[in-house]
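Please walk through the structure shown below with attention to its rings, its sheets and its core.

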Amino acid sequence: MTGHPAPRPLTGVTVVSVEQAVAAPFATRQLADLGARVIKVERPGEGDFARRYDTTVDGESSYFVWLNRSKESLTLDLKSRQGREILEQLLGGADVFVQNLAPGAAARLGFGAEDLAERHPSLIPCSISGYGSSGPWAHRKAYDLLVQCQTGLVSLTGNEHGAARAGVSVADIAAGMYAYSGILTALYTRATTGVARAVEVSLFEALAEWMSQPAYYTRHGGTQPPRIGTQHATIAPYGAFTAADGKDVLFSIQNEREWVALCERFLERPELVDDPRFATGSDRVAHRDEINAIVAERFGRSDSREVEKLLDEAGIANAGVNDVEEFLAHPVLAARGRWQDVRLPGGGAVPALLPPVDLAGAPARMDPVPAVGEHTERILAELGHSAEAIVGLRAAEVI
């Protein structure tokens, strides 16, 4: 027994990604986490525009630091003939090509899925777009909040005073997750059948899938779920209430056993169990305001620690409503060792969360976040370009 960890699952897989913003970088970072070599192609000089979303992480963008660890950065001007030739060289030795350029841009450059299938039949191309490669909106740009609006998500978030954006880039994240799983599926298919299949994901269709439950509810119920803040639209009581110390605690009643326990052990109102207004889940939703008033009064008589203790003793799921600072200090993350330092381009390091999937014996890769073009010369040398040729490419502003 050597005690050495097993090779990471994607060791030996090369991914070339002409990527920007969130969706594609999220997909490829997860491939890098599993050991794939990810070569990120960026614009000369400025790089991925997500590098400039903010400067809060020791001068780096919080988005970029999150999405781009463990990658190599190669700068190429793909509008130039030489830049496209270098990308073509790279793809000749790659397993996966990911791109989320503007609609139609990859095809115009000669790197559409059909063209690539002819030149590189073993390459798996993955395209991430706003609304898909066909249909009436194929050429529209799409950013996360636009897609939240188009899928109706924004009409479900917020409260009675108005709609609200989801607090994270949920459309981008959904598309990135489906691209990641689609690429893994395509790699498996190629390994078992020898056929490389193209992968296509759109932000709109990814988030549309996540909207399926309210879509079913609306189509068959005649009205969409109401927008009610931290309350659950179709289950009651299920939401956050304010304890005597001002801290909000959210709890959930999922079944009749829990409803009985809430009435008898927390609310100290056993007569509510047989109250016809609250006899079923649907009845409780219909009389949400009456239940919420009873629960709010009870919360107001105990501080949050006592509320959580009593709900725990009654077997009712609950959680304090944390802000981000409280999340960062969460005891579960600390106790399970989920934070690991990742180095930044400037030389410092920041704590980053390990990927949520643990593979026994194969620790996740947590290598540095690259500077713009940090690996350009090394990658070009691997492709056979001489030092003199690389100087010429730099002088011509190709790299």
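Trp137 is partly exposed in this predicted model, because its relative accessible area is 30%, a value that falls between the 20% limit for buried residues and the 50% limit for exposed ones. Its aromatic partner, Tyr131, counts as buried at 10% relative accessibility. The two rings form an edge-to-face pair, with 4.9 Å from centre to centre and 85° between the planes. Trp137 also has a charged neighbour, since the charged end of Arg140 sits over the ring of Trp137 at 4.1 Å from its centre. An arrangement of this kind is found again with Arg298, whose charged end sits over the ring of Phe266, 4.8 Å from the ring centre.

The pair of Tyr131 and Trp137 leads on to the other ring contacts, for the structure holds 12 aromatic pairs. One of them joins Phe97 and Phe111, whose ring centres are 6.4 Å apart and whose planes meet at 55°, so this pair is classed as tilted. Because Phe97 belongs to strand E4 while Phe111 lies in the loop between helix H4 (105-108) and helix H5 (113-119), the pair ties together parts that are 14 residues apart in sequence. Phe97 and Phe111 are both buried. Elsewhere, ring pairs link Phe26, Phe49, Tyr53, Tyr63 and Trp66 into a cluster.

Two members of that cluster reappear around Val22, a residue in the loop between strand E1 (14-18) and helix H1. Leaving aside residues up to four places away in sequence, Val22 touches Tyr63, Trp66, Leu67 and Asp172. Is Val22 buried or exposed? Its relative accessible area is 2%, and therefore Val22 is buried. Val22 also illustrates how distant parts of the sequence are brought together, as Val22 and Ala175 are 153 residues apart in sequence but 9.3 Å apart in space, C-alpha to C-alpha.

Strand E1, which precedes this loop, is part of an open sheet of six strands that has the order E3-E2-E1-E4-E5-E6 and parallel pairing. Strand E3 (71-75) and strand E6 are the edge strands, each of which pairs on one side only. From one strand to the next, the twist of this sheet averages 20°. Within the sheet, E1 and E2 pair in the parallel sense over five bridges, and Val18 stands opposite Val41 in E2. On the other flank, strand E2 (residues 37-42) pairs with E3, again in the parallel sense and over five bridges, with Val38 standing opposite Lys71 in E3. E2 is mostly covered, since five of its six residues are buried. Towards the E6 edge, helix H8 lies across E5 and E6 and runs at about 70° to E6.

Several of these elements also contribute to the largest nonpolar core, which has 37 residues and in which Val15, Val98 and Ile128 are those with the most contacts. Helix H1 (23-33), strand E4 (96-99), strand E5 (124-129), helix H7 (170-193), strand E6 (199-202) and helix H8 (203-210) each supply at least two residues of this core. H7 gives the most, with nine residues. The surroundings of Val98 show how such parts meet: apart from residues up to four places away in sequence, Val98 touches Val15, Val16, Ser17, Val18, Ala24, Thr28, Cys126, Ile128 and Ile183. In soluble globular proteins, nonpolar side chains tend to be buried together.

A further open sheet is formed by three strands in the order E7-E8-E9, and its pairing is antiparallel. Strand E7 (238-242) and strand E9 (318-320) stand at its edges with a single partner strand each, so one side of each is left without a neighbour in the sheet. Here the twist averages 20° from one strand to the next. Strand E8 (residues 248-252) and E9 run antiparallel and are joined by three bridges, and Leu250 stands opposite Ala319 in E9. Two helices pack on this sheet. Helix H12 (residues 288-299) touches E7 and E8, and its direction makes about 40° with that of E7. Helix H13 (residues 304-313) touches E8 and E9, and its direction makes about 165° with that of E9.

How values were computed: Residues are numbered from 1 along each chain as its sequence is written. This is a predicted model: local features need pLDDT of at least 70, side-chain atom pairs count only at pLDDT 80 or more; totals for chains, interfaces and linings use all residues. Side-chain values use heavy atoms; hydrogens and water are left out. A nonpolar core is a set of buried Ala, Val, Leu, Ile, Met, Phe, Trp, Tyr and Cys residues joined through side-chain atoms within 4.5 Å. Buried means under 20% relative accessible area, exposed over 50%, partly exposed in between (1.4 Å probe, protein chains only). Helices (H or I, at least four residues) and strands (E, at least two) are DSSP runs, numbered from the N terminus. Contact means heavy atoms within 4.5 Å. Two strands pair if DSSP finds at least two bridges between them. Axes are lines fitted to C-alpha atoms, for helices over the stretch in contact, and angles run from 0 to 180 degrees between N-to-C directions. Rings of Phe, Tyr and Trp (its six-membered ring) pair if their centres lie within 6.5 Å; planes under 30 degrees apart count as stacked, over 60 as edge-to-face and the rest as tilted. A charge sits over a ring if NZ of Lys or CZ of Arg is within 6 Å of the ring centre and within 35 degrees of the ring normal.
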